[in-house]
Amino acid sequence: MTAEVSMPFSIGSIRLANGTILAPLAGITNLPMRLLCKAGGAGLVCSEMISANGLVRGSAKTAAMLRSAPAERPLSVQIFGADPVVMAEAARMVAEAGADIVDLNFGCSVRKVVKTGAGVALMRDPRRAEAVLKAVRRAVSIPLTVKMRSGWTVSGEQALEIATIAEGCGVDAVIIHPRTAGQGFSGHADWPLIGRIRERTGIPVVGNGDIVTPEDGLRMRRETGCAAVMIGRAAMGNPWIFGQIDALWATGAHRPVTPAQRRLAMHRYVSATVAEYGETVGCRLLRSRLGWFVRGLRGGSRFRERIKHLEGEAEALAVIDGFFDVTAAGQTFGGAPD
Ligand SMILES: Cc1cc2nc3c(=O)[nH]c(=O)nc-3n(C[C@H](O)[C@H](O)[C@H](O)COP(=O)(O)O)c2cc1C
């Protein structure tokens with residue numbers, strides 16, 4: 001494989017160490033997950049989507065989603081909504097809270113969001129989309145991005161139109177997950193559309209969708225010419241994918257994850273989750289999430305069984321250590337799946 005130079009990449013005034021970005025994932029890309037992905041090599045991490053209405057109304061629960069830590073910077077915070085005035089005010093609050101980038105959600109296809117005119121509904125209402133973009137652009141000076149799908153029902157024209165409008169409104173980069181609203185997460189992401197949008201616009205285009213391996217990340221970049229790649233589901237339990245994609249770009253090779261790295265990451269994820277939510281709520285979340293890290297590994301289903309009723313941080317750390325001690329002694333860590 002030909003080696004390529006790992007390109008630092010900028011969104012407006014924010015320079016990223018590399019062109020790999022953690023996607024916003026509702027309920028998942030909280031502070032602990034973002035810290036992990038940052039340590040795994042992500043050039044940029046994104047918050048989960050945050051309700052502009054909730055922020056502006058002063059909801060304490062929504063405001064808590066803005067919590068950040070210096071170690072995760074630069075941070076992009078994503079907001080969703082349909083009212084230009086509310087979106088502008090929410091963007092101002094996001095900037096004031098210290099976010100480096102504000103991202104607008106034009107892609108969420110969940111019924112509850114779409115019926116309010118927000119998320120991907122904005123893609124079939126270009127005039128409203130433009131009003132939102134203009135209002136937010138006027139309201140904040142930090143870099144602004146928009147994350148969209150390929151269209152409402154047909155992939156292509158609506159995305160090209162919204163990307164052109166976004167560029168005209170002074171948006172600094174567009175992120176495209178090329179599936180239609182109707183597709184949800186089924187079928188395949190229409191990667192060639194990423195290339196078409198890149199050819200049509202003068203601002204950086206970030207490609208997203210169906211990157212599962214580091215090789216996929218490289219392939220998306222080569223096939224579409226996108227400036228950066230965004231990874232969502234594949235980062236759950238595999239925060240190293242960012243560093244691996246970057247290494248592949250830079251050197252043509254990447255290193256596999258060692259058991260010691262995996263154990264350390266799981267420990268850190270446990271501690272950060274407990275620090276963020278307290279032991280009771282944190283452990284409840286960890287009961288399903290820790291399992292991500294041992295997917296496909298020998299002993300994984302036994303591990304998942306053990307964490308099903310997790311009650312405390314010490315217990316979580318002991319179960320993790322048990323998993324690695326057994327697998328180290330049993331020689332086959334990371335070998336065949338159960
Ligand atoms: C559980 C889950 C939650 C998501 N939440 C958001 C969100 O809050 N904002 C958003 O723009 N996209 C959201 N998405 C879409 C992802 O950001 C991404 O576009 C999609 O998963 C495709 O990328 P992937 O194949 O790398 O996962 C979500 C996807 C999943 C699976």
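**Entry 1: the nonpolar core**

I looked up the largest nonpolar core of this predicted model and found that it has 101 residues. Ile79, Val102, Val136 and Val174 are the residues with the most contacts inside this core. I then asked which helix gives the most to the core. Helix H4, residues 84–96, does so, with six residues. The core also draws at least three residues from each of domain 1 (9–251) and domain 2 (259–329). I noted the general background that in soluble globular proteins nonpolar side chains tend to be buried together.

I took Val174 as one of the residues to examine by its contacts. Leaving out residues up to four places away in sequence, Val174 touches Thr145, Val146, Met148, Ala163, Ala166, Ile197, Thr201, Ile203 and Val205.

**Entry 2: valine 136 and helix H6**

I turned next to Val136, which is found in helix H6. Is Val136 buried or exposed? It counts as buried because 27 C-beta neighbours lie inside 10 Å, the cut-off for a buried residue being 20 or more. Outside the four places on either side in sequence, I listed Met87, Ala88, Ala91, Val102, Leu104 and Leu144 as the contacts of Val136. I also recorded the C-alpha to C-alpha distance from Val136 to Glu89, which is 7.9 Å, with their positions 47 residues apart in sequence.

I checked the length of H6, which runs over residues 126–139. Its 14 residues, at 1.5 Å a residue, should span 20 Å, and the end C-alpha atoms are 20 Å apart, so the expectation and the model agree. The buried residues that I listed in H6 are Ala129, Val132, Leu133, Val136 and Ala139. They cover an arc of only 135° around the axis, and therefore lie on the same side of H6. I then looked up what covers these buried residues, and found that the cover includes H4, strand S7 (101–106), strand S8 (144–151) and helix H7 (157–168).

**Entry 3: helix H1**

How many of the nine residues of helix H1 (residues 31–39) are buried? I found eight, so the helix is largely enclosed by the rest of the structure. The buried residues are Leu31, Pro32, Met33, Arg34, Leu35, Leu36, Cys37 and Lys38; I noted that Arg34 and Lys38 are in this list. The cover of the buried residues of H1 includes strand S3 (20–22), strand S4 (45–46), H10 and helix H11 (259–277). After H1 comes Gly41, and I recorded its positive phi, near 115°.

**Entry 4: helix H9 and the loop before it**

In H9, I listed Pro214, Gly217, Leu218, Met220, Arg221 and Thr224 as buried. Their arc around the axis is only 160°, which means that they are on the same side of H9. Among the elements that cover them are S3, helix H8 (191–200), S10, strand S11 (228–231) and H10. Gly225 follows H9, and its phi is positive, near 75°.

I also examined Asp210, in the loop between strand S10 (205–208) and helix H9 (214–224). Asp210 has a positive phi of about 70°, although it is not a glycine. It counts as buried because it has 20 C-beta neighbours inside 10 Å.

**Entry 5: a cis peptide bond**

Where is the cis peptide bond that I looked up? It joins Arg73 and Pro74, with omega about 0°. Pro74 is placed in the loop between helix H3 (60–64) and strand S6 (75–80).

**Entry 6: the two domains**

I recorded the division of the chain into domain 1 (9–251) and domain 2 (259–329). Their centres, taken over C-alpha atoms, are separated by 29 Å. Eight residues of domain 1 are in contact with nine residues of domain 2. On the side of domain 1 that touches domain 2, I counted six nonpolar residues, two polar and no charged.

Finally, I looked up Thr251, in helix H10 (residues 241–251). Thr251 has 14 other C-beta atoms within 10 Å, so it is partly exposed. From Thr251 to Lys147 the C-alpha to C-alpha distance is 30 Å, the two being 104 residues apart in sequence.

Definitions and conventions: Residues are numbered from 1 along each chain as its sequence is written. This is a predicted model: local features need pLDDT of at least 70, side-chain atom pairs count only at pLDDT 80 or more; totals for chains, interfaces and linings use all residues. A nonpolar core is a set of buried Ala, Val, Leu, Ile, Met, Phe, Trp, Tyr and Cys residues joined through C-beta atoms within 7 Å. A residue is buried if 20 or more other C-beta atoms lie within 10 Å of its own, exposed if 12 or fewer, and partly exposed in between; C-beta atoms are placed from the backbone. Helices (H or I, at least four residues) and strands (E, at least two) are DSSP runs, numbered from the N terminus. Domain bounds come from an automatic or database domain assignment. Two residues are in contact if their C-beta atoms, placed from the backbone, lie within 7 Å. The expected span of a helix is 1.5 Å times one less than its number of residues. The arc is that of the directions from the helix axis to the C-beta atoms. Ala, Val, Leu, Ile, Met, Phe, Trp, Tyr, Cys and Pro count as nonpolar, Asp, Glu, Lys and Arg as charged, and the others, Gly among them, as polar.
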